[in-house]
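Colleague: Please take me through one part of this model closely, the sheet and what surrounds it. I am new to this, so plain words would help.

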Amino acid sequence: MSFSRDPTALVRRFGTRNPFEIAEYLEIKVHYLHHPESKLPGLTCLAANRPSIFINKAYFEAMQAKDKLYTDEAMRDDILQVGAHELGHAVLHRAELKLSPIKEYEIFNVRLPREAEANTFAADIRIDKEELLDLLYSQKTLLEIASAIHVNVNLLMYKIDSLRREGYNLRQLPYLPKNNFMGSIHGSSSTEWCE
């Protein structure tokens, strides 16, 4: 199947921001595993010469067992985020998948170009630009905005950085996230994101 590598075009074409629905339209198989020994929430590889996404539900269940404030809704949102990131690999990195599986899920390792590309792809799949701009101009904090649109604050920062690169007049972020998938964000309590 021929398809666009542009996440915004994929959202428009299929009418959804759910990465698993987009994967289904693109005939990319999604497999849900329960692998408690693994520290990976997701990975992408070729199976039968086609991209496949694997989601490790045990990873999220372990997070919930450790943190009673980690709700079913937060788990669902995180699984969607992991799915969007892995869909980015399946769409953008097919050539690399032919050489070897993308074994590591390092959503916030900006030193690895393919991880940064998958993060930006995931942010564009999960976050509507117009809705985000409205929220940024509403004087909410990053944490409030992330909660309102059901994404991790780190993914939100990728989308804001992407908008800045598009030319939107937004303040510099405190920093881009690195390897802390669920890490805290310093400076995220500011309400002044638009200049």
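Modeller: The accessible surface of the chain comes to about 9,900 Å², and carbon and sulfur atoms account for 51% of that surface. This is a predicted model. The chain has 195 residues, and 49% of them are buried. It contains nine helices and three strands. Read from the N terminus, the order of the elements is α-α-β-β-β-α-α-α-α-α-α-α. If we take the contacts between residues at least 6 apart in sequence, 60% of them join residues at least 24 apart.

Now the sheet itself. The three strands form an open sheet in the order S1-S3-S2, and the pairing is mixed. Strand S1 (29–33) and strand S2 (42–47) are the edge strands, each pairing on one side only. On average, neighbouring strands of this sheet are turned by 30 degrees against each other, with direction ignored.

As background, the strands of a sheet pair through backbone hydrogen bonds, and the pairing is either parallel or antiparallel. Both kinds occur here, since the pairing in this sheet is mixed. S1 and S3 are parallel and are joined by five bridges. In that pair, Leu33 stands opposite Asn56 of S3. S2 and strand S3 (residues 50–56) run antiparallel, with six bridges between them. Two of the partnerships can be found by residue: Leu43 is bridged to Phe54 in S3, and Cys45 is bridged to Ser52 in S3.

S2 and S3 form a hairpin with two residues between the strands. Ala48 is in the loop between S2 and S3. Its phi is positive, about 55 degrees, although Ala48 is not a glycine. Ala48 is also exposed, because its relative accessible area is 78% and the limit for exposed is over 50%.

Strand S3 is another matter. Six of its seven residues are buried, so S3 is largely enclosed by the rest of the structure. A residue is called buried when its relative accessible area is under 20%.

Two helices that pack on the sheet come next. Helix H3 (residues 57–66) touches S1 and S3, and its direction makes about 25 degrees with that of S3. Helix H4 (residues 72–92) also packs on the sheet, touching S2 and S3. The direction of H4 makes about 160 degrees with that of S3. Both angles are taken between N-to-C directions and can run from 0 to 180 degrees.

For contrast with the sheet, look further along the chain, at helix H8 (residues 142–149). Its buried residues are Leu142, Ile145, Ala146 and Ile149. Seen down the axis of H8, these residues fall within an arc of 100 degrees, so they line one face of the helix. The general rule is that an α-helix has 3.6 residues a turn, so residues three or four places apart point the same way. Among the elements that cover the buried residues of H8 are H7 and helix H9 (153–166).

After H8 comes His150, which has a positive phi near 60 degrees. His150 is in the loop between H8 and H9. Like Ala48, His150 has a positive phi without being a glycine. Its relative accessibility is 30%, so His150 counts as partly exposed.

One more loop is worth finding on the screen. Asp128 lies between helix H6 (113–126) and helix H7 (129–137). With a relative accessibility of 26%, Asp128 is partly exposed. A polar atom of its side chain lies 3.2 Å from the backbone nitrogen of Glu130. For the backbone nitrogen of Glu131, the distance to a polar atom of the Asp128 side chain is 2.8 Å. Asp128 and Val11 are 117 residues apart along the chain, yet their C-alpha atoms are separated by 9.6 Å.

To return to the sheet you asked about: start from S3, which is largely enclosed because six of its seven residues are buried. Then find S1 and S2 as the edge strands. Last, add H3, which touches S1 and S3, and H4, which touches S2 and S3.

Conventions:
Residues numbered from 1 in each chain as written. Predicted model: local features only at pLDDT ≥ 70, side-chain atom pairs only at ≥ 80, totals over all residues. Heavy atoms only, no water. Pairing = 2+ DSSP bridges. Helix = DSSP H or I, 4+ residues; strand = E, 2+ residues; numbered from the N terminus. Contact = heavy atoms within 4.5 Å. Buried < 20%, exposed > 50% of the residue type's maximum accessible area, 1.4 Å probe, protein only. Areas by Shrake-Rupley, 256 points an atom, 1.4 Å probe, with all protein chains shown as cover. Polar contact = N/O pair within 3.5 Å; in protein donor to acceptor, adjacent residues only side chain to side chain. Arc of directions from axis to C-beta.
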